[in-house]
Amino acid sequence: MGLIWKDCAMASEQISKSNVHLGAGAPWILGHRGAPWDAPENTIPSLQEALNLGLDGIEYDLQRTLDGEAVLLHDDTLGRTTDGSGLVTERSLAELFHLDAGAWHSPRFEGVHLPTFEEAWSVAGEGTGPAPYHMIEIKDASLLPAVARTLGPERFRGAKTPFIIASFHRSVCLEARDMGLPSMFLGVIANEADRRFVRDERIEAYGVGPGGWSPRAAGPVGAADWPCERWSWSVDEPVDLLEAFRTPLFGINTNEPRRALAIRTLVAMTPKDRGAYAVRCDELEVWGFAEAQQGAQVDPNGGGELHPDARPVLEPGTSDWCGTWNPKARIRNPFPFPVKVQVAL
């Protein structure tokens with residue numbers, strides 16, 4: 001499914017290069033941990049690729065080292081995205097510098113290191129456009145002094161590079177506020193307790209998960225008057241992106257930058273359309289590569305026979321798969337006039 005969705009999004013993206021006036025780019029689109037499908041998450045190549053793709057900014061996570069430095073890492077352990085192990089708080093910055101944070105993603109990123117916050121802060125987009133927006137997620141309030149030192153004079157309002165400190169922890173948001181740093185409180189679904197918190201404590205922004213603003217999830221509070229910027233995080237699926245851009249929100253972050261850019265363009269070009277996402281296609285299901293390589297024709301998860309349109313095999317000597325599928329794509333025209341659609345795979 002991912003391949004077809006992305007290619008349809010790329011086709012839609014070409015429409016955005018037409019002469020249609022789209023106005024400002026709101027809602028802003030930030031790359032969640034950079035561009036994690038294209039490069040290893042929370043690394044400089046990933047952040048730079050997100051900006052190269054045309055996003056308005058980047059989101060990344062900070063963890064504290066043994067010696068109090070801030071490095072980009074989502075987990076509090078090293079095993080998932082580096083060749084190290086154990087807690088990041090048990091290793092000094094010098095020890096972490098020698099870890100490989102890229103080979104797990106693909107061989108071409110072998111040798112990429114864990115970046116410091118200072119390195120991430122220096123990442124800039126190409127050209128002479130506005131400085132990229134930085135959403136900096138912090139899980140430990142003790143990191144704030146180190147972050148403020150790196151921000152330097154830009155820690156105050158009116159900074160040249162726009163940024164916000166995001167956290168699921170109220171204590172982090174409150175301490176950031178007291179230090180003069182703009183903050184965003186993160187939740188899962190919009191609710192009245194969180195609305196009162198950001199109102200009473202003067203928090204600049206509030207962000208929830210995909211669909212967390214919708215009436216079916218949040219009820220009336222999702223449409224209530226919020227005294228702050230409204231955001232959503234990890235918005236990837238077409239239906240959620242469509243809803244986010246129609247709401248509209250102040251901004252989102254996403255793992256699907258091409259898709260998000262295309263859907264934002266589509267919504268801007270069809271402001272009166274309230275139909276479903278314009279492209280629907282069957283999911284491409286792929287089961288265990290090892291079983292397929294051995295010629296087995298049963299679902300290793302106990303689902304019985306493999307679907308006749310899903311028979312993956314491994315290319316000899318590689319980890320790539322190939323196979324034969326017969327998916328169907330359905331296109332709905334959201335425009336009041338005929339359009340020509342081009343889809344490539």
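In the predicted model, D273 is buried, with a relative accessibility of 14%. This aspartate forms a salt bridge with R332, and the closest N and O atoms of the two are 2.9 Å apart. D273 belongs to the loop between α10 (257-269) and β10 (279-281), whereas R332 belongs to the segment after β13 (329-331), so the salt bridge ties together parts that are 59 residues apart in sequence. R332 itself is partly exposed, at a relative accessible area of 28%. The pair therefore joins an aspartate under the 20% limit for burial to an arginine that lies between the limits of 20% and 50%.

The segment after β13 also holds V341. With a relative accessibility of 47%, V341 counts as partly exposed. V341 contributes to a nonpolar surface patch of about 430 Å², together with I331, F337, V339 and V343.

In total, the structure holds 19 salt bridges. One of them is formed by D61 and K139, with 3.3 Å between the closest N and O atoms. D61 is part of strand β2 (residues 57-64) and K139 is part of the loop between β4 (133-138) and α5 (144-151), so this pair connects parts 78 residues apart in sequence. D61 is buried at 1% relative accessibility, while K139 is partly exposed, with a relative accessible area of 28%. Both residues also belong to a network, in which salt bridges with shared partners join R33, E41, D61, D75, R80, E137 and K139.

A further salt bridge is made by the side chains of R170 and D194, at 3.1 Å from N to O. R170 is in helix α6 (residues 170-178) and D194 is in helix α7 (residues 192-200); the pair thus links distant parts of the chain, 24 residues apart. D194 counts as buried, at 8% relative accessibility, and R170 is partly exposed, with a relative accessible area of 36%.

Strand β2, which contains D61, is mostly covered, as seven of its eight residues are buried. β2 pairs with strand β1 (residues 28-32) in the parallel sense, over three bridges. Within this pairing, H32 has E59 of β2 as its bridge partner. Together with helix α2 (residues 44-52), β1 and β2 make up a β-α-β unit that is right-handed.

β2 also pairs with β4, again in the parallel sense, and here over six bridges. L62 has I138 of β4 as its bridge partner. The loop that holds K139, the salt-bridge partner of D61, lies between β4 and α5. D61 and K139 are thus joined by a salt bridge, and the strands β2 and β4 are paired by bridges of their own.

The pairing of β2 with strand β3 (residues 70-72) is antiparallel and has three bridges. R64 stands opposite A70 of β3. β2 and β3 form a hairpin with five residues between the strands, and in this hairpin G68 adopts a positive phi near 80 degrees. In general, the side chains of a regular strand alternate between the two faces of the sheet.

Another buried position is C228, which has a relative accessible area of 15%. C228 is located in the loop between α8 (215-218) and β8 (229-232). When neighbours within four places in sequence are left aside, the contacts of C228 are with V198, I203, E204, A205 and Y206. The C-alpha atoms of C228 and I203 are 7.0 Å apart, and the two residues are separated by 25 residues in sequence. V198, one of these contacts, has a number that falls within helix α7 (residues 192-200), the helix that contains D194.

Over the whole protein chain, there are 11 helices and 13 strands. Of its 345 residues, 46% count as buried. Contacts between residues at least 6 apart in sequence include 57% that join residues at least 24 apart. The chain exposes about 17,100 Å², of which 54% is supplied by carbon and sulfur atoms.

Methods. Residues are numbered from 1 along each chain as its sequence is written. This is a predicted model: local features need pLDDT of at least 70, side-chain atom pairs count only at pLDDT 80 or more; totals for chains, interfaces and linings use all residues. Side-chain values use heavy atoms; hydrogens and water are left out. A salt bridge is a side-chain nitrogen of Lys or Arg within 4 Å of a carboxyl oxygen of Asp or Glu. Helices (H or I, at least four residues) and strands (E, at least two) are DSSP runs, numbered from the N terminus. Buried means under 20% relative accessible area, exposed over 50%, partly exposed in between (1.4 Å probe, protein chains only). Two strands pair if DSSP finds at least two bridges between them. A crossover is right-handed if, with the strands pointing away from the viewer, the path from the first strand over the helix to the second runs clockwise. Contact means heavy atoms within 4.5 Å. Patches are made of residues with over 30% relative accessible area and no salt bridge: like charges are joined within 9 Å, nonpolar side chains (Val, Leu, Ile, Met, Phe, Trp, Tyr) within 5 Å. Accessible areas come from the Shrake-Rupley method with a 1.4 Å probe; for residues, only the protein chains shown count as cover.
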